[in-house]
Amino acid sequence: MSKIGIIFVSVHHENTLKVLQAMKDEVELNYVKSADLSQYDYLGFASGVYYNKLSNALMKQIMNLDLSNKKTFIVYTCGSHYKKYEAEAEEILKTKSTYLGTYYCRGYDTFGPLKLIGGIAIARKHPTIKDIRLAQAFITDIILR
């Protein structure tokens, strides 16, 4: 059976963690805390979007880890989606691993002055049940490939 590891950063409202927990209901995911990745066939990188990009700590992991012979994917949440936040990470993963794709959805966002108005209105109730179901379908599809 294939093993799936997830390296993630989920701060503020833990939107990304909520999505990962839903994925974990569908397949066995292991949150990676050790540098030994040899036991994992699949490795996911998950983050919220901070200052219009994925977490700096997560990006350092992507750049520094040996990902040869790994199947990789990205998961992220963002208050608004007006650009491809995963582009840099995706580019790196395509050169270092077998890159399988990205799942993203909106997440509740009250960064900076947005806190004063209750956050980004369109993202207030995210991730939604629909977002969660799509995340579960994404992870199941990756494992079945």
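This passage describes the fold of a predicted protein model and then some of its residues in detail.

The protein has 145 residues, and buried residues account for 48% of them. Its secondary structure consists of six strands and four helices. Along the sequence these elements follow the order β-α-β-β-β-α-β-α-β-α. The accessible surface amounts to about 8,000 Å², and carbon and sulfur atoms contribute 53% of that area. Among the contacts between residues with a separation of 6 or more, 74% join residues that are 24 or more positions apart.

Strand 1 pairs with two strands, as follows. With strand 2 the pairing is parallel and runs over three bridges. In this pair, Ile6 stands opposite Tyr31 of strand 2. With strand 3 the pairing is again parallel, over six bridges. Here Phe8 is placed opposite Ala46 of strand 3. In a regular strand, side chains alternate between the two faces of the sheet.

Helix 1 covers residues 15-26, a total of 12 residues. At 1.5 Å a residue the expected span is 16 Å, and the C-alpha atoms at the two ends are 18 Å apart, so the expected and computed values agree. The buried residues of helix 1 are Asn15, Thr16, Leu17, Val19, Leu20, Ala22 and Met23. Their cover includes strand 1 (4-9), strand 2 (29-31) and strand 3 (42-50). It also includes strand 5 (71-78), strand 6 (98-106) and helix 4 (129-144).

Ser55 is located in the loop that joins strand 4 (53-54) to helix 2 (56-64). Its relative accessible area is 6%, under the 20% limit, and Ser55 is therefore classed as buried. Leaving aside neighbours within four places in sequence, Ser55 makes contact with Val9, Ser47, Gly48 and Tyr50. A polar atom of the Ser55 side chain also lies 3.2 Å from the backbone nitrogen of Ala57.

The structure holds two salt bridges. Side chains of opposite charge can pair when their charged atoms come close. One salt bridge joins the side chains of Lys84 and Glu90, with an N to O distance of 2.9 Å. The other joins the side chains of Lys94 and Glu90, with an N to O distance of 3.9 Å. Lys84, Glu90 and Lys94 are thus linked in a network of salt bridges. Glu90 and Lys94 both belong to helix 3 (residues 87-96) and are four residues apart, about one turn of the helix. An α-helix has 3.6 residues a turn, so residues three or four places apart point the same way.

The three members of this network are assigned to separate classes of accessibility. Glu90 has a relative accessibility of 12%, and because buried means under 20%, Glu90 counts as buried. Lys94 has a relative accessibility of 52%, which is over 50%, so Lys94 counts as exposed. Lys84, at 44%, falls between these two limits and therefore counts as partly exposed.

Lys96 also lies in helix 3. Its relative accessible area is 23%, so Lys96 is partly exposed. Not counting residues up to four places away in sequence, Lys96 touches Ile62, Met63, Asn64, Leu65, Leu67 and Ser68. Two backbone oxygens are reached by the side chain of Lys96. The backbone oxygen of Ile62 is at 2.9 Å from this side chain, and that of Met63 is at 2.8 Å.

Asn69 lies 27 residues from Lys96 along the chain, and the C-alpha atoms of the two residues are separated by 8.7 Å. Asn69 is found in the loop between helix 2 and strand 5. With a relative accessibility of 77%, which is over 50%, Asn69 counts as exposed. The phi angle of Asn69 is positive, about 65 degrees, although this residue is not a glycine.

Methods
Residues are numbered from 1 along each chain as its sequence is written. This is a predicted model: local features need pLDDT of at least 70, side-chain atom pairs count only at pLDDT 80 or more; totals for chains, interfaces and linings use all residues. Side-chain values use heavy atoms; hydrogens and water are left out. The expected span of a helix is 1.5 Å times one less than its number of residues. Buried means under 20% relative accessible area, exposed over 50%, partly exposed in between (1.4 Å probe, protein chains only). Contact means heavy atoms within 4.5 Å. Accessible areas come from the Shrake-Rupley method with a 1.4 Å probe; for residues, only the protein chains shown count as cover. A salt bridge is a side-chain nitrogen of Lys or Arg within 4 Å of a carboxyl oxygen of Asp or Glu. Two strands pair if DSSP finds at least two bridges between them. A polar contact is a pair of N or O atoms within 3.5 Å; within protein, one must be able to donate a hydrogen and the other to accept it, and residues adjacent in sequence count only if both atoms are side-chain atoms.
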